[in-house]
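Q: Please take a close look at how helices cross in this structure. Then continue from there to the ring contacts and to the unusual points of the backbone.

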Amino acid sequence: MAALAGLDIPILQGLCLTSDRDSWAGADEGLTPLDVATQVAVPEFDGRIITVPFSFKETDGEGLPHYVPDPERCARVAGIAVGYARLRTVPPAERRIAVVLSAYPTKHSRIGNAVGLDTPVSVIRLLRAMRDAGYDLGDVAAIPGLGPLSPVEGEDPDTTAGNALIHALIDAGGQDPEWLTSEQLSGQPVRIPTATYNDWLADLPAELTDRVRDTWGEAPGELFVDRSRQPDGEIVSAALRSGNLVIMVQPPRGFGENPIAIYHDPDLPPSHHYLATYRWLEKEFGAHAIVHVGKHGNLEWLPGKTVGMSAACGTDAALGSVPVIYPFLVNDPGEGTQAKRRAHATVIDHLVPPMARAESYGDIARLEQLLDDYASANTMDPAKAPALRGQIWELITKAQMHEDLGLQARPGDEEFDEFVLHVDGWLCEIKDVQIRDGLHTLGQAPQGDDKINLVLAVLRSPQLFGGRTAAPGLRSALGLADDAPTTEVDRVEQVARELVTAIAAADWDADVVSDVIGDQLGRQDDGVEQALIFACREVAPRLDRTTDEIAMVLHALDGGYIPAGPSGSPLRGLVNVLPTGRNFYSVDPKAVPSALAYETGVRMADSLLDRYREETGEYPPSVGLSMWGTSAMRTSGDDIGEVLALLGVRPVHDQASRRVVGLEPVPLAELGRPRIDVTVRISGFFRDAFPHVVTLVDDAVRLVIDLDEPDDQNFPRRHARADLDQHGDKRRASTRIFGSRPGAYGAGLLPLMESGNWRTDEDLAEVYTTWGGYAYGRDLDGVPATEDMQANYRRISVAAKNVDTREHDIADSDDYFQYHGGMIATVRALTGEAPRAYVGDSTSPDAVRTRSLAEETARVFRSRVVNPRWIAAMRRHGYKGAFELAATVDYLFGFDATAGVVGDWMYAQLAENYLLDKETREFLDQANPWALQSMIEKLNEAVDRGLWAEPDPEILDQLQQIYLEVEGDLEDR
């Protein structure tokens, strides 16, 4: 492999399957688990580009096996190979490059959807690098942002350029049906006549095109069709063209345009517009490569086989053979892997956003000061204590903090000191949260305070390197205990910062570490020295190489080899995922759950059960857990370890390979509690990436059900026996794993929220069940199982979702409310009562926590959502920063609709901090007025639906006035 990499050429993995062609053609999963492991997962460790099956193992009349090629699939592999070869032979000035920006939902406020990335500025810097490398981008003024611009006071010039680029895409039409005019349709530069499109459509299999026509009508359909020039119509797409470059907004998936499909068709075929746009890139524009910017688009999630695409799979049909270069967030191996496996993408991973400590602000800072005064008064002037107790409680209730603390009445004077300790611990949690202090820009290495903050964030965790613990966490080395009071946490954090700042001032020279420790601590400390030397030798140099990211995109466009590298969260002790700019791989699927992940899962199960017992005095009969493939890859299977631990089962690992080779029940005497039933909702990617884990969990459930144990000590057995009495089907009685229909992805609630086409819990449950009511397990490959899913959900007493990285939180992704909130809403619809909703926190695997969803929502809300530090950071990022504000409002609304965890005070705070604050309002007006409009609309919807139950009429009046102003401004653009 090293010799091949030394040639610096792309290495393609053609798939020679061990199954016959008919089996592959009829299988939704595409490849067998054996073929996935040997021909996909392992080759990814070498940086190979995954193509499609082109040879199948057939058996002749005499029973002898032989391989038979498939001509059409051979042509696809050859086409991809030719595509990469052309990149090596066609000079940059002649290469035609498409830059694609995702947009979901399909709104002007949300173009350039890329998690953690300042998409507009990243594109501007990529285009400049391309121009410097000799690419023909046309006249410098043709792409707004590349030429001279008038400066905007207080705004970085690159942010101004990024804003100009997105505004130009919007002015050219965008794809927001609310604002798209007939003039914009008629002026679109990408135009595909119906006759041309029909010719392209004729090249695709009837298996796909019949479904497209059944759903969207005869070509060209009605979506983004202009008939001003040709009566038969032309399909048009939102784009900017100049020279050999096209910048395009990715076509919408279609649920917004066909909302009824949300209720019945989760594997909605791509629209005529979708297929035409991507076919135009290859057939008409002649793209040598497509650069998809950031996590993630919708191409890799179109219906079709899990892996090993056929010509009838939506992704293969749309994309064709064009090479795809995909800058992608390094800590999200699951969704990036989907693009690698389904869209033959070369991933160029990029760094996580800047991270910083939340610290205190506003009422939190005032409360902190009052607590300090109270502590001093108790010691120095006890007569002041009663008045301070009153002030503390008044501030807590005014800021609604008593809701976070689970209190309605003021504690008595005798209990107040204990209450203050509780408040202190809560305050410490809020202050000490790591939040994103901005967005990453492609190719920009952290500098100055950003670098110091990120190094501090990385050093919080013990460093796993070279298969061992290379250094302790810096704060733990300084003596910080998990339950330390706020003053001690603040003191240690300050010492850590001073140490890292001094090392940074010495240009990260490991030779000065000992002297710095002596100067700062007045003593030497081996653990602190290990952590700081590790920062100098490993962390800082790897961060400096973030500049490789754009260079590696250009190298991929030159047809060069992109080295492979691991993926995951650098804040979880995995600094080996750095430097970025590599074609990341994930994990050995057969090694999931790892021994360490199982141990973490045991702690998480214990934490969940302890929390439930504290609240109820009992064990939960059944726990519902959402499991995602990305989390499993990032942690090597913490969630799976928790499921096994709840069941009272342990995995057996082969010591040499570290792979899971079996299961064994933990004896009840050793377990010390009943076995807990578990119902699992897996994501589509989990199903795709870990079929053997699905079988493993299913085997664990059946193993437990078959144990001869009392019903009060074995809840899965008790429930299975009850189901068996109902319908007599043993297999159904043991089914506990549910997910999307084979070939489909998602939970359905995001498009439902965007369409507004729902009224009650029953509507939410109907969509969630339609999208997730398919049973998986040994010999169960997505069998329709609505009745069995509902039977299991009726038993769920705890609905849980885990978070494993500090780089994300539950209010910055729709997946959290779709999967976790959807489970809660479905249980509530089925039983009339909401289950307890918990969030497990394994961001520090040695110190796991379980919080209620309401607690976690409030913690995220106070530490990030309305933190002036985060809002100011978003203002620095122009259009994309405003996008992030609007997305946060949408996700909180989704969680409230499904789980009821957003209080009136939160809605009021969103209005006051995002929309009524003068500085933020002016920023939104200038950078992204569509986001301003979107947020007001979402808050008004919360009022209309009774989610924001008692809004202040004065706030609503102010929002209405702003809405009228921004609507008028947008109409005048």
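A: Between two helix axes, an angle under 35 degrees counts as roughly parallel, over 145 as roughly antiparallel, 65 to 115 as roughly perpendicular, and the rest as oblique. The model is predicted, so local features need pLDDT of at least 70 and side-chain atom pairs pLDDT 80 or more, while totals for chains, interfaces and linings use all residues. Residues are numbered from 1 along each chain as its sequence is written, and side-chain values use heavy atoms, without hydrogens or water.

Consider α5 and α23 (helices are DSSP runs of H or I with at least four residues, strands E runs of at least two, numbered from the N terminus). Helix α5 covers residues 119–132 and helix α23 residues 548–557; their axes come within 10 Å and cross at roughly 55°. Such axes are lines fitted to C-alpha atoms over the stretch in contact, with angles from 0 to 180 degrees between N-to-C directions. α5 and α23 are therefore oblique to each other. Their crossing is right-handed (the near helix is turned clockwise from the far one by less than a right angle; anticlockwise would be left-handed). From α5, the residues Arg125, Leu126, Ala129 and Met130 meet Ile550, Val553 and Leu554 of α23, where contact means heavy atoms within 4.5 Å.

Helices α17 (residues 413–432) and α36 (residues 853–865) also cross at roughly 55°, with axes that come within 8 Å. That angle makes α17 oblique to α36. This crossing, too, is right-handed. Trp426, Glu429 and Ile430 in α17 meet Arg859, Arg862 and Ser863 in α36.

The ring contacts come next. The structure holds 17 aromatic pairs (Phe, Tyr or six-membered Trp rings with centres within 6.5 Å; planes under 30 degrees apart are stacked, over 60 edge-to-face, the rest tilted). One of these joins Trp301 and Tyr745 in an edge-to-face arrangement, at 5.1 Å centre to centre and with 80° between the planes. Trp301 belongs to the loop between β10 (289–292) and α12 (314–319), and Tyr745 to the loop between β23 (737–739) and α32 (749–755), so this pair ties together parts that are 444 residues apart in sequence. Trp301 is buried, at 14% relative accessible area, and Tyr745 is likewise buried, at 10% (buried is under 20%, exposed over 50%, partly exposed in between, with a 1.4 Å probe and protein chains only). Ring pairs also link Tyr374, Trp393, Phe416 and Phe419 into a cluster.

Charged side chains meet rings as well. Arg681 lies over the face of Tyr768, 5.8 Å from the ring centre, and Lys880 lies over that of Phe883, at 5.0 Å (NZ of Lys or CZ of Arg within 6 Å of the centre and within 35 degrees of the ring normal).

Finally, the backbone. The peptide bond between Tyr104 and Pro105 is cis, with omega about 0°; Pro105 sits in the loop between β4 (97–101) and α5, the helix that crosses α23. Another cis bond runs from Leu578 to Pro579, with omega near 0°, and Pro579 is in the loop between β17 (564–565) and β18 (583–584). Asp507, although not a glycine, has a positive phi of about 60°. Asp507 lies between α20 (486–505) and α21 (513–521), in a loop, and is exposed at 64% relative accessibility. Arg658 is also not a glycine, yet has a positive phi of about 65°. Arg658 is found in the loop between β20 (649–653) and β21 (660–665) and counts as exposed at 62%.
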